[in-house]
2 protein chains.
Amino acid sequence: MKYSIGEVAKKLNLTAYTLRYYDKEGLIPFVERTPNGIRMFKESDLDALKVIECLKSTGMPIKEIKNFIDWCSEGDASLQQRYDLFMERKATVFAQMEELEKTMELIEHKCNYYKTALDAGTEEIHKNNKIEGF
Amino acid sequence: MKYSIGEVAKKLNLTAYTLRYYDKEGLIPFVERTPNGIRMFKESDLDALKVIECLKSTGMPIKEIKNFIDWCSEGDASLQQRYDLFMERKATVFAQMEELEKTMELIEHKCNYYKTALDAGTEEIHKNNKIEGF
DNA sequence: ATAAACCTTATAGTTAACTCTAAGTCAAGG
DNA sequence: CCTTGACTTAGAGTTAACTATAAGGTTTAT
């Protein structure tokens, strides 16, 4: 099964513009074309795009993702680099999770703060509390 | 205890440029000045900045954060809006956590994939596996 | 008293990641 | 045959969030 750029855009919740931009940036050099130049995405191309989106969601910039794509076409010589890359990403994502936990704690604290204030009808209820200044 | 813009920048791991930018965007209207116009940050201003950084880390754009800051100076009339804002943020952060879990799963899968390939000396080891295409 | 190290303003420049426009090609349906 | 709609390219425009510059003022240490 092959897909047009519009179909892939829909499937992956991207735009055709974005996919052409990725192509221009060298992220999807493996996508084949019809004789008249139209991109034909294979199933494996979709898998690759999912990995690209995964890396992007970890905050990796497109230029670094391109390095990884380049390594992929270098074959076994780059296996160590690619392993290292994912191990480093794993650490990054772990740090992001911890960061997000802390964010959640403050958000929940604020939810409670405003719930209490709302129940009391005024924020004054917190004004004695030296810890909660804002 | 009062702090200069440079001290606050260091404390919160921002730059003085960023803090002046926040001020220009109306994020910190409560920061007072010396008679000759120099910003003097109070302890409570640091707390406010921490909340701003927290909201920012949830992906909230600066203009929306400004709305919240405006609500804060409106007093009790905006308690409901502020409560709603944090409840909505809570849902957002929860969704981000779930997203990050999925990302982590794919990353860990890739770590294993490359570990196996590295041990075998070649990526060929995965070529029979129809599920793992990339 | 003079240089270093801060601060101020207004405004211009940068960066990443899109996002869109213009001009044109191509295949299918009425 | 001709229109519709999806595709192509090159290149320009957008946006958010900084980031830096220029020109100048103030405070502190020698």
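This is a short chat about a predicted model, covering DNA strand D and the interface of chain B and chain A.

Q: Which residues are closest to DNA strand D?
A: In this predicted model, 17 residues surround DNA strand D, and the closest are S4(A), G6(A), R33(A), R39(A) and Y17(B).

Q: And which helices supply that surface?
A: At least two residues each come from α1 (5–12) and α2 (16–24) of chain A and from α2 (16–24) of chain B, with α2(B) giving the largest share, four residues. By class, this surface near DNA strand D has seven nonpolar, five polar and five charged residues.

Q: What part of the strand's atoms within 4 Å of the protein is sugar or phosphate?
A: Sugar or phosphate accounts for 72% of those atoms of DNA strand D, and the rest belong to bases.

Q: Which atom of G6(A) is 2.9 Å from a phosphate oxygen?
A: For G6(A) it is a polar backbone atom, whereas Y22(B) places a polar side-chain atom 3.1 Å from a phosphate oxygen of DNA strand D, and N36(B) does so with a polar side-chain atom at 3.0 Å.

Q: Switching topic, how much area is buried between chain B and chain A?
A: About 4000 Å² is buried, with carbon and sulfur atoms giving 80% of this area, and 42 residues of chain B are in contact with 42 residues of chain A.

Q: How many salt bridges are there across that interface?
A: The rule finds four across the interface of chain B and chain A; E123(B), for instance, forms a salt bridge with R82(A), where the closest N and O atoms are 3.1 Å apart.

Q: Where does the largest share of chain B's side come from?
A: It comes from α5(B), with 25 residues, and the side of chain B that touches chain A divides into 24 nonpolar, seven polar and 11 charged residues.

Notes:
Residues numbered from 1 in each chain as written. Chains lettered and ligands numbered in written order. Predicted model: local features only at pLDDT ≥ 70, side-chain atom pairs only at ≥ 80, totals over all residues. Heavy atoms only, no water. Near = heavy atom within 4 Å. Polar contact = N/O pair within 3.5 Å; in protein donor to acceptor, adjacent residues only side chain to side chain. Nonpolar A, V, L, I, M, F, W, Y, C, P; charged D, E, K, R; others polar. Contact = heavy atoms within 4.5 Å. Buried area = accessible area lost by both parts, 1.4 Å probe. Salt bridge = Lys/Arg side-chain N within 4 Å of Asp/Glu carboxyl O.
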